[in-house]
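Here is a short set of exercises for you to try with the viewer open. Work through each task first, then compare your steps with the solution below it.

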Amino acid sequence: MKCLPPLRALLRSPVPAGTGNSRDRSFRIDAQQLQRRFRSLQRAVHPDRFGRRPPEEQYYSEQHSSLINKAYQTLLNPLSRGLYLLELKGVEPAQETDSEADSEFLSEIMEINEKLAEPKNEDTLEEIETLLKVKQEELTKEVTAAFERDDLQEAKNLLGKMKYFANLEDKLKKKKIPS
């Protein structure tokens with residue numbers, strides 16, 4: 001299939017550093033620059049701009065818009081960004097069954113899970129939310145350092161831990177939803 005003129009120009013446009021360029025696969029990103037690039041790309045291919053165009057161009061617009069959204073969300077989130085970088089480097093992400101996690105870490109996860117299983121208490125939920133935010137920020141800094149050292153095994157292990165905390169964040173959100 002041929003690439004249509006508006007999309008051809010978009011696909012040739014340069015990609016700023018830190019936004020997915022194959023020469024710049026750093027874990028560290030400039031979130032504002034990423035957002036500017038996302039908005040620029042979306043303005044160029046958004047389906048609303050192609051409403052009166054031929055069906056083929058509308059289809060390409062929808063597909064590219066969807067891919068740009070997915071790429072933006074992947075790069076914006078530290079966990080998904082790290083997993084994506086591991087994938088690019090040919091490293092399998094840690095699985096739930098991997099036994100790399102130490103017993104102290106697993107005990108901490110179990111303790112938080114137990115607190116989440118208790119009857120709903122706003123103070124406890126706020127405490128857990130704060131703890132999870134701090135843990136994710138610490139792990140993000142450690143993952144950044146691991147990628148900068150090109151220590152992919154350490155990055156993989158840390159991202160595995162981030163997955164546990166992300167799961168706890170999901171449980172916390174569900175618990176906070178009024179029933």
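## Getting oriented

Of the 179 residues in the chain, 32% are buried. Keep in mind that this is a predicted model.

**Exercise 1.** Work out how many helices and strands the chain has, and in what order the elements run.

*Solution.*
- Step 1: Count the elements; the chain has seven helices and zero strands.
- Step 2: Read from the N terminus on, which gives the order α-α-α-α-α-α-α.

## A helix under the ruler

**Exercise 2.** Check whether the end-to-end distance of helix 3 agrees with the span expected at 1.5 Å a residue, then list the buried residues of helix 3.

*Solution.*
- Step 1: Helix 3 covers residues 55-76, which is 22 residues.
- Step 2: The expected span is 1.5 Å times one less than the number of residues, so helix 3 should span 32 Å.
- Step 3: The end C-alpha atoms of helix 3 are 31 Å apart, in agreement with the expected value.
- Step 4: Select the residues of helix 3 that are under 20% relative accessible area. The buried residues are Glu-57, Tyr-60, Ser-61, His-64, Ser-65, Ile-68, Tyr-72, Thr-74 and Leu-75.
- Step 5: Turn to Gln-63, which also lies in helix 3. Its relative accessibility is 35%, so Gln-63 counts as partly exposed.
- Step 6: Take the C-alpha distance from Gln-63 to Val-45; it is 9.2 Å, for a pair 18 residues apart along the chain.

## Salt bridges

**Exercise 3.** Find the salt bridges of Arg-28, Lys-115 and Lys-176, and say which parts of the chain the pairs link.

*Solution.*
- Step 1: Apply the cut-off, a side-chain nitrogen of Lys or Arg within 4 Å of a carboxyl oxygen of Asp or Glu. By this rule there are nine salt bridges.
- Step 2: Arg-28 pairs with Glu-148, at 2.7 Å from N to O. Arg-28 sits in the loop between helix 1 (5-12) and helix 2 (31-45) and Glu-148 in helix 6, so the pair links distant parts of the chain, 120 residues apart. Glu-148 counts as partly exposed because its relative accessibility is 48%.
- Step 3: Lys-115 meets Glu-127 at 3.1 Å, N to O. This pair links helix 5 (residues 103-117), which holds Lys-115, with helix 6, which holds Glu-127, and the two residues are 12 apart. Both partners are partly exposed: Lys-115 has a relative accessible area of 26%, and Glu-127 has one of 47%.
- Step 4: Lys-176 forms a salt bridge with Glu-126, at 3.5 Å from N to O. Because Glu-126 lies in helix 6 and Lys-176 in helix 7 (residues 152-176), the pair ties together parts 50 residues apart in sequence. Glu-126 is partly exposed at 38%, and Lys-176 is partly exposed at 28%.
- Step 5: Follow the shared partners; Glu-126, Glu-129 and Lys-176 are joined into one network.

## Charge on the surface

**Exercise 4.** Which residues gather in a patch of negative charge on the surface, and which helix gives the most to the patch?

*Solution.*
- Step 1: The patch is formed by Glu-137, Glu-138, Glu-142 and Glu-154.
- Step 2: Helix 6 (residues 122-148) gives the most, with three residues.
- Step 3: Look at Glu-138, which is placed in helix 6. Its relative accessibility of 38% is why Glu-138 counts as partly exposed.

## Contacts and a backbone angle

**Exercise 5.** Is Leu-116 buried or partly exposed, and how far is its C-alpha atom from that of Leu-168? Do the corresponding analysis for Leu-106 and Tyr-164.

*Solution.*
- Step 1: Leu-116 is in helix 5. With a relative accessible area of 8%, Leu-116 is buried.
- Step 2: Leu-116 and Leu-168 are 8.5 Å apart, C-alpha to C-alpha, and 52 residues apart in sequence.
- Step 3: Leu-106 is found in helix 5 and, at 33% relative accessibility, is partly exposed.
- Step 4: From Leu-106 to Tyr-164 the C-alpha distance is 9.2 Å, across 58 residues of sequence.

**Exercise 6.** Find the sign of phi for Asp-150 and where Asp-150 lies.

*Solution.*
- Step 1: Asp-150 is in the loop between helix 6 and helix 7.
- Step 2: Its phi is near 60 degrees, a positive value in a residue other than glycine.
- Step 3: Most residues other than glycine have a negative phi.
- Step 4: Asp-150 counts as partly exposed, at 49% relative accessibility.

Technical notes: Residues are numbered from 1 along each chain as its sequence is written. This is a predicted model: local features need pLDDT of at least 70, side-chain atom pairs count only at pLDDT 80 or more; totals for chains, interfaces and linings use all residues. Side-chain values use heavy atoms; hydrogens and water are left out. Patches are made of residues with over 30% relative accessible area and no salt bridge: like charges are joined within 9 Å, nonpolar side chains (Val, Leu, Ile, Met, Phe, Trp, Tyr) within 5 Å. Accessible areas come from the Shrake-Rupley method with a 1.4 Å probe; for residues, only the protein chains shown count as cover. Lys and Arg count as positive and Asp and Glu as negative; His and the chain ends are not counted. The place of a charge is taken as NZ of Lys, CZ of Arg, CG of Asp or CD of Glu. Helices (H or I, at least four residues) and strands (E, at least two) are DSSP runs, numbered from the N terminus. Buried means under 20% relative accessible area, exposed over 50%, partly exposed in between (1.4 Å probe, protein chains only).
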